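Visitor: I would be grateful for a close look at a single part of this structure. Please begin with one side chain and its polar contacts, and then proceed to the surrounding interior.

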Amino acid sequence: MDNVNLQQKHEQFNEFFMIKHDLPVNIRELESDFRLPNAEELHNYMPYSFQVASELATIETKALRPLRNLGEHAVELVEFLNLQSRKIDLMMSLILQQQSTPEERFHTVQFGGGGVTINTNKPLAIGSQVELKLFLREEASAIFCFAEVITCKQEQDTYHTSLIYTRIREEDQDLLVKASLHLQAALLRKRNKQKEND
């Protein structure tokens, strides 16, 4: 990503499915001399609550995996553990929402696995780096990553700004892809139901 030109960044941004959806995000502009952490260092830059949420997700995945081998005897146990896990996810989501800073808060126009588009009240320089927190209400989760501004166009009294992820954990990018597909599926189901009712 570091040695890629702007055109290639636009292509990478558009490689992923994007869905128009309003997500609360926090954006903090970084100094021009800020050195992006490498993939291994990213965890150290995450706020503590994001680190805890990440660790909980890893534990959950590891805990449920062995139960799949127990067959039908484990179905009720797995269901119970999934409900407990959902309760923990909701509590962590509430805690992570507290990390949202009002003066850095914006909303997405669209998002996907490659980046986000937001409306800002001031222009952001193309090429500038930002710290980005995305709050996925439907998934009861939040993501911390770094992104770069690749487009900033004025539209009336707002700036339509696209950002590509420059440092994001693979599992967080997967979560964004899944979240966008879940929302798309829900939207299609809603449209089909409306057609049936018409």
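Guide: At 2.7 Å, the backbone nitrogen of Leu23 is reached by the side chain of Thr108. The same side chain, that of Thr108, also reaches the backbone oxygen of His21, at 2.5 Å. These values, like those that follow, come from a predicted model. Thr108 belongs to strand β3. Its relative accessibility is 5%, and Thr108 therefore counts as buried, since the cut-off for that term is under 20%. With neighbours within four places in sequence left aside, the contacts of Thr108 are His21, Asp22, Leu23, Val25, Val116, Thr117 and Ile118.

Let us turn to the nonpolar interior. The largest nonpolar core has 24 residues, and those that touch the most other members are Phe111, Leu132 and Leu134. At least two residues of this core come from each of the following elements: β2 (24-29), β3 (105-112), β4 (115-120), β5 (129-136), β6 (141-155), β7 (158-167) and α5 (170-197). Leu134 may serve as an example. Once its neighbours within four places in sequence are set aside, Leu134 is in contact with Leu23, Pro24, Val25, Val116, Ser141, Ala142, Ile143, Cys145, Tyr165 and Leu176. Leu23 and Val25 are among the residues in contact with Thr108, and both are also in contact with Leu134. Apart from the largest core lies another, of nine residues, including Met46, Phe50, Phe135 and Phe144.

Phe144 leads to the aromatic rings. The count of aromatic pairs comes to four. In one of them, Phe34 and Phe146 have ring centres 5.5 Å apart and planes at 35°, so this pair is tilted. Phe34 lies in the loop between β2 and α2 (42-45), whereas Phe146 lies in strand β6; the two are 112 residues apart, and the pair thus links distant parts of the chain. How do the two partners compare in accessibility, buried or partly exposed? Phe34 has a relative accessibility of 26% and so counts as partly exposed, whereas Phe146, at 1%, counts as buried.

Phe146 also pairs with Phe144, in an edge-to-face arrangement with 5.5 Å from centre to centre and 80° between the planes. Both Phe144 and Phe146 are buried. Together with Phe34 and Tyr45, these two residues form one aromatic cluster. Phe144 thus has a place in two groups: it is a member of the core of nine residues and of the aromatic cluster.

Key
Residues numbered from 1 in each chain as written. Predicted model: local features only at pLDDT ≥ 70, side-chain atom pairs only at ≥ 80, totals over all residues. Heavy atoms only, no water. Core = buried A, V, L, I, M, F, W, Y, C linked by side-chain atoms within 4.5 Å. Buried < 20%, exposed > 50% of the residue type's maximum accessible area, 1.4 Å probe, protein only. Helix = DSSP H or I, 4+ residues; strand = E, 2+ residues; numbered from the N terminus. Contact = heavy atoms within 4.5 Å. Phe/Tyr/Trp six-rings, centres within 6.5 Å; stacked < 30°, edge-to-face > 60°. Polar contact = N/O pair within 3.5 Å; in protein donor to acceptor, adjacent residues only side chain to side chain.
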